[in-house]
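Trainee: I am new to this structure. Please take me through one part of it closely, the sheet and what packs around it.

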Amino acid sequence: MFKYDINKNTHLKLLDLSDVDELFALTDRSRDTLREWLPFVYAVKTVEDTEQFVRDAMQQYADNNGIQAGIYYEGKLAGVIGYHQVNWQHKWTSIGYWLGNEFVGKGLVTNSMKAFIDYAFSYLKLNRIEVRVAVGNIRSRTIPKVLGFNEEGRLRDAEWLYDHHVDQVVYGLTAVEWKKIKTAKEDTVVL
């Protein structure tokens, strides 16, 4: 079972069937906001849809092909972060994330990303992480930039979003780059 404590108020936990009702309610409350950039929202119409997602996430973890974790803040499910899949041959993964409306602006995704980056490079021994974000999704694009990812390019018409295609920006980070970023932050003295 995957569980990762970020700080006293926040932890990550592998999604399981006990999360289904709370996850569906969070998705439903945030549906209009999430729908702007995340195509999965259209398919989540019932609690059963969320249950199938969680079952698939549990199987993904059992197959050693990624993690879908709940982001918990002060005991409440605040959102989801996950490795879409893991390419073991080439040692890379991609990360996706979202938060419920009432949890935005608390640094939860940034801190969860740091944990997932550390876990990928330190525990899974991966070499590369990607984040792909719709060009217009400025809030989500800020997170990889702040964490030191490099903007590597633009994929035209890369994602179907309900009734149109959107371009995506690809951000990449390697294990060597992350180690340098962490070392530089440790070497920084705050007076």
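**The sheet and its helices**

Mentor: Start with helix 4, residues 108-123, which lies across strand 1, strand 2 (10-14), strand 3 (68-73), strand 4, strand 5, strand 6 and strand 8 (165-174). Helix 4 runs at about 35° to strand 4. Keep in mind that this is a predicted model.

Now the sheet itself. Eight strands form an open sheet. Their order is 1-2-3-4-5-6-8-7, and the pairing is mixed. Strand 1 (3-5) and strand 7 (150-160) are the edge strands, and each pairs on one side only. From one strand to the next, the twist averages 25°.

Walk in from the edge at strand 1. A hairpin of four residues joins strand 1 to strand 2. These two strands run antiparallel and are joined by three bridges. Find Tyr4: its bridge partner in strand 2 is Leu12.

Stay on strand 2. Five of its five residues are buried. In a regular strand, side chains alternate between the two faces of the sheet. Look for that here: Thr10, Leu12 and Leu14 point one way, while His11 and Lys13 point the other way. All of these residues are buried. On to strand 3, which is joined to strand 2 by five bridges, with the two running antiparallel. Leu14 has Ala69 as its bridge partner in strand 3.

Next come strand 4 (76-87) and strand 5 (92-99). They pair in the antiparallel sense over seven bridges. The bridge partner of Tyr83 in strand 5 is Ile95. Their hairpin has four residues between the strands, and in it Lys91 takes a positive phi near 60°.

How many residues of strand 5 are buried? Seven of the eight are, so strand 5 is largely enclosed by the rest of the structure. With strand 6, residues 128-134, the sense changes: strand 5 and strand 6 pair in the parallel sense, over three bridges. Two of the partners in strand 6 are easy to find. Arg128 is the bridge partner of Trp92. Ile129 is the bridge partner of Thr93.

Tyr83 also leads to a loop. Gly66 lies in the loop between helix 3 and strand 3. Tyr83 is 17 residues from Gly66 along the chain, yet their C-alpha atoms are separated by 5.0 Å. Is Gly66 buried or exposed? Buried means under 20% relative accessible area. Gly66 has 8%, so it counts as buried. Leaving aside neighbours within four places in sequence, Gly66 is in contact with Gln60, Tyr61, Tyr83 and Val86.

Now the other helices. In helix 1, residues 20-29, the buried residues are Val20, Leu23, Phe24, Leu26 and Thr27. Seen down the axis, they fall within an arc of 160°, so they line one face of helix 1. An α-helix has 3.6 residues a turn, so residues three or four places apart point the same way. The buried residues of helix 1 pack against helix 2 (31-35), helix 3 (47-62), strand 4 and strand 5.

Look closer at helix 1 against helix 3. Two packed helices are described by the angle between their axes and the distance between the axes. For helix 1 and helix 3, the axes come within 9 Å and cross at roughly 115°. The crossing is right-handed. From helix 1, Val20, Asp21, Leu23 and Phe24 meet Val47, Thr50, Glu51, Phe53 and Val54 of helix 3. The residues of this contact divide into six nonpolar, one polar and two charged.

Finish with helix 5, residues 138-146. Ser140, Arg141, Ile143 and Pro144 are buried there. They cover an arc of only 145° around the axis, which puts them on the same side of helix 5. On the other side, Ile138, Arg139 and Val146 are exposed. Which elements do the buried residues of helix 5 pack against? They pack against strand 5, helix 4, strand 6, strand 7 and strand 8. Helix 5 is followed by Gly148, whose phi is positive, near 95°.

Strand 5 makes a good place to look again: buried residues of helix 1 pack against it, and so do buried residues of helix 5.

Notes: Residues are numbered from 1 along each chain as its sequence is written. This is a predicted model: local features need pLDDT of at least 70, side-chain atom pairs count only at pLDDT 80 or more; totals for chains, interfaces and linings use all residues. Side-chain values use heavy atoms; hydrogens and water are left out. Buried means under 20% relative accessible area, exposed over 50%, partly exposed in between (1.4 Å probe, protein chains only). The arc is that of the directions from the helix axis to the C-beta atoms. Contact means heavy atoms within 4.5 Å. Two strands pair if DSSP finds at least two bridges between them. Axes are lines fitted to C-alpha atoms, for helices over the stretch in contact, and angles run from 0 to 180 degrees between N-to-C directions. A crossing is left-handed if the near helix is turned anticlockwise from the far one by less than a right angle, and right-handed if clockwise. Ala, Val, Leu, Ile, Met, Phe, Trp, Tyr, Cys and Pro count as nonpolar, Asp, Glu, Lys and Arg as charged, and the others, Gly among them, as polar.
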